[in-house]
Amino acid sequence: MVVGHLPFDAPNFKLLSSRIRKAKVNFPQDLSTDLKHLIIRMLDPKPEDRASLFEIIQHPWINKNHDKRPVNWSSLLVNIVLR
């Protein structure tokens, strides 16, 4: 969680289910555009359109505070898995 609460909320299960299927997310105003984009891509209700792990780890928001080039997360993950 980035903002301290779940991305979907509703007073009943039927409405909650509808919001999840439509990916209806309410963002706090102070979230960056990059972060909103990443969250929307991760929560896309169509699996074929949803961000892949590779897209997520290469996203500008994930790599924002690293030196001028994206971290090579793929090699880091491989090293972790192989240990």
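This report walks through a predicted model of a single chain, from its overall fold down to a handful of residues.

## The overall picture

We're looking at a helices-and-loops chain: four helices and zero strands, giving the pattern α-α-α-α when you read along the sequence. The helices are H1 (residues 13–22), H2 (33–42) and H3 (53–58), and finally H4 (73–82).

Of the 83 residues in the chain, 19% are buried. The accessible surface adds up to about 6800 Å², and carbon and sulfur atoms own 59% of that. As for contacts with a separation of 6 or more, 23% of them link residues 24 or more positions apart.

## Either end of H1

Start where H1 begins. Here Asn12 puts a side-chain oxygen within 3.2 Å of the backbone nitrogen of Lys14.

At the other end, just after H1, comes Ala23, which sits in the loop between H1 and H2. Have a look at its backbone: phi is near 55 degrees, a positive value in a residue other than glycine. Ala23 is partly exposed, with a relative accessibility of 26%.

## Ile39 in H2

Moving on to H2, Ile39 belongs to this helix and is buried, at a relative accessible area of 17%. The cut-off for buried is under 20%, so Ile39 with its 17% falls on the buried side.

What does Ile39 touch, once residues up to four places away in sequence are set aside? Phe27 and Leu31. There's also a longer-range pairing to check: Pro7 is 32 residues from Ile39 along the chain, and their C-alpha atoms are 8.9 Å apart.

## The one salt bridge

The salt-bridge count for this model is one. The partners are Arg41 and Glu55, whose side chains meet with an N to O distance of 2.7 Å. Arg41 lies in helix H2 and Glu55 in helix H3, so this pair ties together parts that are 14 residues apart in sequence.

Are the two partners equally covered? Here are the values: Arg41 has a relative accessibility of 22% and counts as partly exposed. Glu55 is also partly exposed, at 37%.

## Asp44, buried without a salt bridge

Asp44 is in the loop between H2 and H3. This acidic residue is buried but has no salt bridge; Arg41 offers the nearest side chain of opposite charge, 4.7 Å away. A salt bridge needs the nitrogen and the carboxyl oxygen within 4 Å, so at 4.7 Å the pair of Asp44 and Arg41 doesn't qualify.

So what does the side chain of Asp44 reach instead? The backbone nitrogen of Lys46, at 2.8 Å. Leaving out neighbours within four places in sequence, Asp44 is also in contact with Asp49 and Arg50.

## Asn63 after H3

Last stop: Asn63, located in the loop between H3 and H4. Asn63 is buried, and its relative accessible area is 9%. A polar atom of the Asn63 side chain lies 2.9 Å from the backbone oxygen of Ile57, and Ile57 falls within the 53–58 span of H3.

Key. Residues numbered from 1 in each chain as written. Predicted model: local features only at pLDDT ≥ 70, side-chain atom pairs only at ≥ 80, totals over all residues. Heavy atoms only, no water. Helix = DSSP H or I, 4+ residues; strand = E, 2+ residues; numbered from the N terminus. Buried < 20%, exposed > 50% of the residue type's maximum accessible area, 1.4 Å probe, protein only. Contact = heavy atoms within 4.5 Å. Areas by Shrake-Rupley, 256 points an atom, 1.4 Å probe, with all protein chains shown as cover. Lys, Arg positive; Asp, Glu negative; His and termini not counted. Polar contact = N/O pair within 3.5 Å; in protein donor to acceptor, adjacent residues only side chain to side chain.
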